[in-house]
Amino acid sequence: MEWLKKLAALLVLIGALNWGAIGLFDLNVVTEVFGSATTVTKVLYSLIGLSGVWLLLSKYKS
């Protein structure tokens with residue numbers, strides 16, 4: 001289960017860095033790499049969002 005927490009933290013970090021790039025440089029790195037509105041992009045955004053929720057809930061669970 002520890003590897004899942006590390007993976008979730010990595011995905012949240014990727015999401016945070018991507019939002020930082022959007023805010024500072026108007027550059028969406030995820031869509032630059034995987035394309036706009038592709039299945040991979042949608043899955044990645046979904047996993048990033050779910051990871052954030054999971055980390056938030058696991059923080060208050062223990």
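What follows is a walk through this predicted model, from its overall layout down to a few single residues.

Some ground rules before we start: residues are numbered from 1 along each chain as its sequence is written. Because this is a predicted model, local features need pLDDT of at least 70 and side-chain atom pairs count only at pLDDT 80 or more, while totals for chains, interfaces and linings use all residues, and side-chain values use heavy atoms, with hydrogens and water left out.

Let's begin with the whole thing. The protein has three helices and zero strands, where helices are DSSP runs of H or I with at least four residues, strands are runs of E with at least two, and both are numbered from the N terminus. Read from the N terminus on, the order is simply α-α-α. The C-alpha trace spans about 40 × 25 × 15 Å along its principal axes. Of the 62 residues, 18% are buried; buried means under 20% relative accessible area, exposed means over 50%, and partly exposed is in between (1.4 Å probe, protein chains only). Take the contacts with a separation of 6 or more, and 54% of them join residues 24 or more positions apart. Contact here means heavy atoms within 4.5 Å.

Now start at helix α1, which runs over residues 2-25. With its 24 residues, α1 reaches 34 Å from first C-alpha to last, close to the 34 Å expected at 1.5 Å a residue. (The expected span is 1.5 Å times one less than the number of residues.) Its buried residues are Ala8, Leu11, Gly15, Asn18 and Ala21, and what covers them includes α2 (29-34) and α3 (39-61).

Ala21 deserves a stop of its own. This α1 residue counts as buried at 11% relative accessibility. Setting aside neighbours within four places in sequence, Ala21 is in contact with Asp26, Leu27 and Val29. Lys42 sits 21 residues along the chain from Ala21, with 18 Å between the two C-alpha atoms. Phe25, also found in helix α1, is exposed, with a relative accessible area of 63%. From Phe25 to Met1 is 24 residues in sequence and 36 Å in space, C-alpha to C-alpha.

What about the loops? Most residues other than glycine have a negative phi. Asp26, which follows α1, has a positive phi of about 55° although it is not a glycine. You'll find Asp26 in the loop between α1 and α2, where it is exposed with a relative accessible area of 71%. The loop between α2 and α3 holds Ala37, another non-glycine residue with a positive phi, this one about 60°. Ala37 counts as exposed as well, at 58% relative accessibility.

On to α3. Its 23 residues should span 33 Å at 1.5 Å a residue, and the end C-alpha atoms are 32 Å apart, which agrees. Thr41, Leu44, Ile48, Ser51 and Ser58 are buried in α3, and the buried residues of this helix pack against α1 and α2. Val40 is found in α3 too, but counts as partly exposed at 46% relative accessibility. The C-alpha atoms of Val40 and Lys6 are 21 Å apart, with their positions 34 residues apart along the chain.

There's also a record to lay over this part of the chain. The unreviewed UniProt entry annotates residues 33-57 as "transmembrane region"; UniProt positions are given in the numbering used here, feature names are shortened, and annotations may be inferred rather than shown by experiment. In the model, that span is 84% helix and 0% strand, with its end C-alpha atoms 30 Å apart.

Finally, how do α1 and α3 meet? They pack at an angle of about 120°, with their axes 8 Å apart. Axes are lines fitted to C-alpha atoms, for helices over the stretch in contact, and angles run from 0 to 180 degrees between N-to-C directions. The two helices are therefore oblique to each other, given that under 35 degrees counts as roughly parallel, over 145 as roughly antiparallel, 65 to 115 as roughly perpendicular and the rest as oblique. On the α1 side, the residues making the contact include Leu4, Ala8, Leu11, Gly15 and Asn18; on the α3 side, they include Leu44, Ile48, Ser51, Leu55 and Ser58.
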